Amino acid sequence: MSKTIHFTKMHGAGNDYIYVNTLLYNIPDPSAASIAWSKPHTGIGSDGLVLIGKPKDGEKADYSMRIFNADGSEAMMCGNASRCIAKYLYEKGITDKTTIRLETLSGVKILSLHLKAGKVESVTVDMLEPAFDVKEQYTGHTPDELNSVKALADHVLRTEDGKPKSLFVSMGNPHYVIFVDDVQHMDITTLGKLLEREKAFPQRCNIEFAQLVGEGKLRTRVWERGSGITMACGTGACATAVAAAKLGVCGRHAVIAMDGGDLDITWSPNDNHVYMTGPAAFAFEGDIELPEDK
């Protein structure tokens, strides 16, 4: 007989996940559950499944997060999901802390809650330092390799020496940020699907297409590995801001405008950490049965 699980649907700037408190419920096969529950017509509908639980090291972290994409693959980190976890833990009375240490596959993240009238209005996440040379995630492109995707070549901005204005950035998980002249009219589905599986990305890759639309403001659209187009991506927003600063597109502070809303990103020159601030919201709650074993 199937076991019934209580879930909470939440989103951060439109990036929506199913949240389950594994302090109360056991999910024996989270990959299968994510695939089944993420389907929009026969399941709950989401970008994936997030499990909130006990950390492996209780001295270093207060809670843990595991995240599974809609295709069942496990992700290392999700900035939007981490903000939602902060709101979930505080507003459900599980903790009264306004600074929470969250254990993820890409390290312990510090969540700073900003309250208004007793509710979590926004959350700032210390996303730690970006990395640019992570061989297991990125083996490198030749200067004009992006031209191999013909539909993309005409839209990409160029540096003075003619190289594509693009950069690999690891925020624990891999991102490739490409600066273009008209992000709204890009065929994100076709290009994202192709680039995610480029041979330069051994673990596949999240792809961001970004355009400078104002002083310190970047319009960004995201193709997430394992989920496809999503309304927002917290680590993707961080990677976009870092790439923009590194390539001289804008300074170390940027507002990243995504399909689901804006995220405020600062790449601090003091500690080299990336700080992301943004909203989190409840959508609805319910009960669902675990998928049956096949």
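Begin by selecting Cys78 and Cys233: the sulfur of Cys78 has its closest cysteine sulfur in Cys233, at 6.2 Å, which is too far for a bond. The model on display is a predicted one. Because its relative accessibility is 4%, Cys78 counts as buried.

Keep Cys233 displayed and add Cys238. For the sulfur of Cys238, the closest cysteine sulfur is again in Cys233, here at 8.5 Å, and this distance too is too far for a bond. Cys238 is buried, with a relative accessible area of 0%. With a disulfide requiring sulfur atoms within 2.5 Å, the count comes to 0 disulfides.

Next, turn to the nonpolar interior. In general, nonpolar side chains of soluble globular proteins tend to be buried together. The largest nonpolar core in this model has 54 residues. Select Tyr19 and Ile265, the members that touch the most other members of this core. Then colour helix α5, residues 234-246, which gives the most to this core, with 7 residues. A further core, of 19 residues, lies apart from it; to locate this one, select Ala200, Phe201, Cys205 and Phe209, which are among its members.

Return to Tyr19 and display its surroundings. Leaving aside residues up to four places away in sequence, Tyr19 touches His6, Phe7, Thr8 and Met10, together with Val50 and Ile52, and also Asn80, Ala81, Cys84 and Ile85.

The following stop is Lys9. Select strand β1, residues 4-12, and find Lys9 within it. Is Lys9 buried or exposed? Lys9 is buried, since its relative accessible area is 9%, below the 20% cut-off. To see what a polar atom of the Lys9 side chain meets, show the backbone of Gly45: its oxygen lies 2.9 Å from that atom. Gly45 also appears among the residues that Lys9 touches, where residues up to four places away in sequence are not counted. Those contacts comprise Asp16, Tyr17 and Ile18; Ile44, Gly45 and Ser46; and Phe282, Ala283 and Phe284.

For the final stop, select strand β7, residues 107-116, and centre the view on Gly107 in that strand. Gly107 counts as partly exposed because its relative accessibility is 26%. Now add Ala61 and draw a distance between the two C-alpha atoms: Gly107 and Ala61 are 46 residues apart along the chain, and their C-alpha atoms are separated by 9.8 Å.

Methods: Residues are numbered from 1 along each chain as its sequence is written. This is a predicted model: local features need pLDDT of at least 70, side-chain atom pairs count only at pLDDT 80 or more; totals for chains, interfaces and linings use all residues. Side-chain values use heavy atoms; hydrogens and water are left out. A nonpolar core is a set of buried Ala, Val, Leu, Ile, Met, Phe, Trp, Tyr and Cys residues joined through side-chain atoms within 4.5 Å. Buried means under 20% relative accessible area, exposed over 50%, partly exposed in between (1.4 Å probe, protein chains only). Helices (H or I, at least four residues) and strands (E, at least two) are DSSP runs, numbered from the N terminus. Contact means heavy atoms within 4.5 Å. A polar contact is a pair of N or O atoms within 3.5 Å; within protein, one must be able to donate a hydrogen and the other to accept it, and residues adjacent in sequence count only if both atoms are side-chain atoms.
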